[in-house]
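Okay, everyone, thanks for coming. Let's look at how the sheets and helices fit together in this one.

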Amino acid sequence: MCGIVGYLGKRDAYPILIKGLKRLEYRGYDSAGVALLDEQGDLRVYKTKGKVADLEAYVADKNAGGTVGIAHTRWATHGEPNSTNAHPHVANSGNLAIIHNGIIENYAVIKRQLEAKGVVFHSQTDTEVLVQLIDYVQTTRQVDLLTAVRIALHTVIGAYAIAVLDKNNPDVLIAARKSSPLVVGIGDEEFFLGSDASPIIEYTDRVIYLNDQDVAVIRRGHDVEVVDFYNEKVEHDITRVNLNLAQIEKGGFPHFMLKEIYEQPDCLRDCVRGRINSEANHIALSAIIDHKERLTKARRIIIVACGTSWHAGLIGKQLIEQYCQLPVQVEYASEFRYSNPVISEHDVVIALSQSGETADTLAAIELARERGAFVYGICNAIGASIPRATHTGSYIHVGPEIGVASTKAFTGQVTVLAMLALALAWERGTVSEEEYVRVIAALNEIPDKMQELLEQGEKIRDISRIFTYARNFLYLGRGYNYPVALEGALKLKEISYIHAEGYPAAEMKHGPIALIDEEMPVVVIATQNALYEKVLSNIQEIKARHARVIAIVSKGDDTVSQLADAAIELPSTEECLEPLLATIPLQMLAYYIAVCKGKDVDQPRNLAKSVTVE
């Protein structure tokens, strides 16, 4: 959840590390720090509570020299956010500094053992336990840093990506990972570390994605060496990263979130490119071509995901059940892994994750594979852990998503799920040619209709200003649009800190109607589909209780527009594809309400972009 940056090379490390931390601010954090090591072996550590800008201000009048360094943004788990608990942590010997993403689950046991041997601790963190353990091993066994790290990692239980410096070895940087992402960048006689490629791409496009239980040994003047915990050499590929700086900068928008909302038409064009043919009458997914027998003969599909991806999974369930005539269940990955689920070799598990690093989803994949299921991954980040852990899958190809509140990744996931459902249905013979071609053509038109919808941005901004007073919101939808209601409520909660709940509209009378009064705005997705008359009745019930209604309606619908206090029109499309359009005004509504309330839209409090711990 936090950010790691490292550098070893010819240049001053500090500017590279600070710029890298800024590239990783989207991940969510509450403190920041840097450790620098110069050729004389002087180790300096600076850290502070707050933002990277606070760290810069703190270091401004201090010595920040050195060509080796590690830097970190921390999202607090063990111990409150403060300068003591911030990373890097330094061993009592003063020789070692460490940065760490993840959680050491058995840190308390190790800490007690070390305290019994006279080791003194200065923070509340699990990370300090790890650096003190490495230092204790190195000192008592008289071994080099690599050996000490390997021995220590044999002892710990949990998830981690770490980078370690040794003041006695200023030409060496050690990095290791387990269940938390870590990337090594290879430049011209210089090396970089990052939680992902974003802090590296300015300097090199050549990277090594470390796998679980890999330890990377980075030495000045040598090639990167990767070994396992037993010091056996691990073969690794150097990958070219297809990422450019423009994708991770705001491009004139005030926030990444707004930029990413407006990028969605182009992102979905990229998502379908090469998958829908030029005549827009056929879908080809390589995963289905390569694994046709396994996928078409599945008896059940289980979708595992968290947060926004879970909402996309709910839409995927309806798509697959409607077109493939297969039973589908959608599970929170965090619950699935502990529920002792009944899984067989006849099941297909679809894992959804924007980052491809979500810890709970990775654990669900491991469990599914152990029990014989075929696992299909859908994610955005190229080279992430989930594509490597699954049997097959599809990238959503929407480009880096920097804003913590997911927007384009959600619509990208829904688009891939729609293509998967249609392609699988075609192979299974459960969809007519007429319907297959009609829905594909409609899907191909979605980017243009999104563009049309985004032209209502100023209108949605004006509507949003009216509702900044609210302390609670209710979102209602039915059928395919019920998950859109859930997603709209989540967006508002995430970035404006207004309490919001999403409900199936028919369930309003079973409890939530008790909350409805003139102080409770209600967002209703009321498009002209099969359940239109039912939702219209719900709106009348809401208005009878004096609540204000924001309605998402089909273009040209005067009935709901006259009932509602505000209405946003959607271009017409197939009912099963309405979520791709209906979600956009809800994203914009949440964005503009949060902006009006003066909130940090891209980095909402307590949240992280990539949840790599439980």
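So, start at I186: what stands opposite it in β10? That's F191. The two strands here are β9, residues 183-186, and β10, residues 191-194, and four bridges join them. They run antiparallel. Oh, and keep in mind that this is a predicted model.

Now zoom out. That pair belongs to an open sheet of eight strands, and the pairing is antiparallel. If you walk across, the order goes β3-β2-β4-β1-β10-β9-β11-β14. At the edges you find β3 (43-49) and β14 (239-240), each pairing on one side only. Helix α1, residues 13-23, packs on this sheet and touches β1, β2, β4 and β10. Its direction makes about 160° with that of β1. Then there's helix α2, residues 52-59, which lies across β2, β3 and β4 and runs at about 135° to β3.

Quick reminder for the newer folks: strands of a sheet pair through backbone hydrogen bonds, either parallel or antiparallel.

And we get the parallel kind too. Five strands make another open sheet, in the order β16-β15-β17-β18-β19, with parallel pairing. Its edge strands are β16 (328-332) and β19 (392-395). On average, neighbouring strands here are turned by 20° against each other, ignoring direction.

How many bridges join β15 to β16? Five, and one residue to find is A305, whose bridge partner in β16 is Y332, with the count of five covering β15 residues 300-305.

Last bit, the helices. α10, residues 307-324, packs on this sheet, touching β15, β16 and β17, at about 175° to the direction of β16. α12, residues 359-370, touches β15, β17 and β18, and its direction makes about 165° with that of β17.

How values were computed:
Residues numbered from 1 in each chain as written. Predicted model: local features only at pLDDT ≥ 70, side-chain atom pairs only at ≥ 80, totals over all residues. Heavy atoms only, no water. Pairing = 2+ DSSP bridges. Contact = heavy atoms within 4.5 Å. Axes fitted to C-alpha atoms, helices over the stretch in contact; angles between N-to-C directions.
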